[in-house]
Amino acid sequence: MATTHVTLVGYARVSTHSQDTTMQHDALTTIGCGRIFTDTISSRAPSRPGLIAALDYLRPGDTLCVWKLDRLGRSVKEVLTIADDLHDKHIALQILTGTLAGTYRPTGEGKFFFTMMAAFAELERDMIRERTLAGLTTARAQGRVGGRPTVMTPDTLAAAQARQQRGETPTQIAKALGVSRATIYRHLNP
């Protein structure tokens with residue numbers, strides 16, 4: 001009787017180049033993933049080459065391992081599409097961290113729980129988005145504005161207004177004050 005060897009295949013993803021997959025990679029290596037695929041790309045991107053390669057690499061009986069469910073996909077629809085693909089190929093999913101950590105096999109109970117996990121992951125993402133938007137609204141109400149600080153200080157604005165009254169063009173004012181023409185147009189009505 002032949003023994004079957006289960007291969008653990010890891011997938012790590014970060015959204016930006018300023019982030020690092022080291023923590024995910026270390027965790028996936030620790031549990032025994034023989035191969036780890038990575039992406040440095042937003043999960044909302046239409047194509048994730050690392051995930052596509054991981055899904056192509058997996059064979060029946062293998063287990064796809066991810067650090068957290070949101071590394072796999074950001075919407076219920078996307079996660080369910082991937083789950084259906086894994087189920088059709090007889091591939092399990094192992095989630096290492098988060099409320100939904102565990103190993104889910106493509107069986108009746110596993111598939112049901114997988115559907116619930118995906119719904120909770122999307123709910124969690126929506127709640128984070130709502131909290132972020134509420135925080136930004138509160139900050140704006142308190143007079144704090146995000147983004148780059150303005151280069152047009154009250155002194156610079158006064159100088160620009162004086163130059164405008166003397167008949168200088170917006171281009172001349174911008175050059176003299178070391179700001180862009182767009183800044184002059186934004187703050188003055190030339």
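Student: Is Arg-163 buried, partly exposed or exposed?

Tutor: This is a predicted model, where local features need pLDDT of at least 70, side-chain atom pairs count only at pLDDT 80 or more, and totals for chains, interfaces and linings use all residues. Residues are numbered from 1 along each chain as its sequence is written, and side-chain values use heavy atoms, leaving out hydrogens and water. Buried means under 20% relative accessible area, exposed means over 50%, and partly exposed lies in between (1.4 Å probe, protein chains only). Arg-163 has a relative accessible area of 23%, so it counts as partly exposed.

Student: Which residue does Arg-163 meet in a salt bridge at 3.0 Å, N to O?

Tutor: A salt bridge here is a side-chain nitrogen of Lys or Arg within 4 Å of a carboxyl oxygen of Asp or Glu. The partner is partly exposed, with 22% relative accessible area. At 3.0 Å, N to O, Arg-163 pairs with Glu-168.

Student: And which residues are linked in a network of salt bridges?

Tutor: That pair belongs to it: Arg-163 and Glu-168 are both in the network. Add one more arginine, and the linked residues are Arg-163, Glu-168 and Arg-166.

Student: In the salt bridge of Asp-70 with Arg-71, how far apart are the closest N and O atoms?

Tutor: Asp-70 is partly exposed at 26% relative accessibility, while Arg-71 is buried at 12%. Their closest N and O atoms are apart by 3.1 Å.

Student: How many salt bridges does a search of the whole structure find?

Tutor: One of them joins Asp-85 and Lys-89 at 3.8 Å, N to O. Searching the whole structure, the number of salt bridges found is four.
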